[in-house]
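Biologist: Could you walk me through this model before I set anything up? I'd like to start with the charged side chains.
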Amino acid sequence: MDAAGVEQAVVIGSSMGGQAALDLTLAHPNRVSGLVLIGTAVRGAPYPDINEGPTAELDTMIESAENASDIDEVNRLEAWMWLDGTAPTLIMIGRLDAAYIRAVDELAAGIIPDARLALLDGVAHLPHLEGDAATLDVIADFVDALAGGD
């Protein structure tokens, strides 16, 4: 972005590129006006070594959920830890994508503030590479809404 002279942008990432888009958004939130994730896996980063405060409390909650083998609660809490405070976000999922991708992305859409979930019919993990016109339409509508066009 610096090399291109772009101060702020809507960032779009698909699959593993979604993780890079999340990393950019979390590291430089003032540079990201919107975030589009397509079929992205959401994985937590290593936990910081913090012994007090909100992060330590959340770490304790995650550890308790892990000890109870409550995977749904672990996923909810990890998404809260790593995704809180993100930019307006569009999460797109092909209805034919892998079940675990759909589950994680649907969970993320419920936790990320201002997130919008779009389910795409007839496509799998990389709908834009499948030539799905609806994918580009959904992205265009999201970007237009951020710019005040709709």
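Modeller: Glutamate 73 is a fair place to begin: in this predicted model that residue is partly exposed, with a relative accessible area of 24%, and arginine 76 is likewise partly exposed, at 33%.

Biologist: What does glutamate 73 form with arginine 76, and how far apart are the closest N and O atoms?

Modeller: The two form a salt bridge, with the closest N and O atoms 2.8 Å apart. Both residues sit in helix H3 (residues 71-83), and because they are three residues apart there, about one helical turn separates them.

Biologist: How many salt bridges does the count come to?

Modeller: The count comes to three salt bridges. Arginine 31 and aspartate 2 make one of them, at 3.0 Å from N to O, and this pair links distant parts of the chain, since arginine 31 lies in the loop between H1 and E2 while aspartate 2 belongs to the segment before strand E1 (9-14), 29 residues apart.

Biologist: Is arginine 31 buried or exposed?

Modeller: Arginine 31 is buried, with a relative accessible area of 14%, whereas aspartate 2 is exposed, at 63%.

Biologist: Switching topic, which element gives the largest share of the largest nonpolar core?

Modeller: That is E2, which supplies three residues of a core that has 12 residues in all, including Val32, Leu35 and Leu37. Helix H1 (16-27), strand E3 (89-94) and helix H4 (99-111) are also among the elements that each supply at least two residues.

Biologist: What lies apart from it?

Modeller: Another core, of 10 residues, lies apart from that one, and its members include Ile38, Ala118, Ile139 and Phe142.

Conventions. Residues are numbered from 1 along each chain as its sequence is written. This is a predicted model: local features need pLDDT of at least 70, side-chain atom pairs count only at pLDDT 80 or more; totals for chains, interfaces and linings use all residues. Side-chain values use heavy atoms; hydrogens and water are left out. A nonpolar core is a set of buried Ala, Val, Leu, Ile, Met, Phe, Trp, Tyr and Cys residues joined through side-chain atoms within 4.5 Å. Buried means under 20% relative accessible area, exposed over 50%, partly exposed in between (1.4 Å probe, protein chains only). Helices (H or I, at least four residues) and strands (E, at least two) are DSSP runs, numbered from the N terminus. A salt bridge is a side-chain nitrogen of Lys or Arg within 4 Å of a carboxyl oxygen of Asp or Glu.
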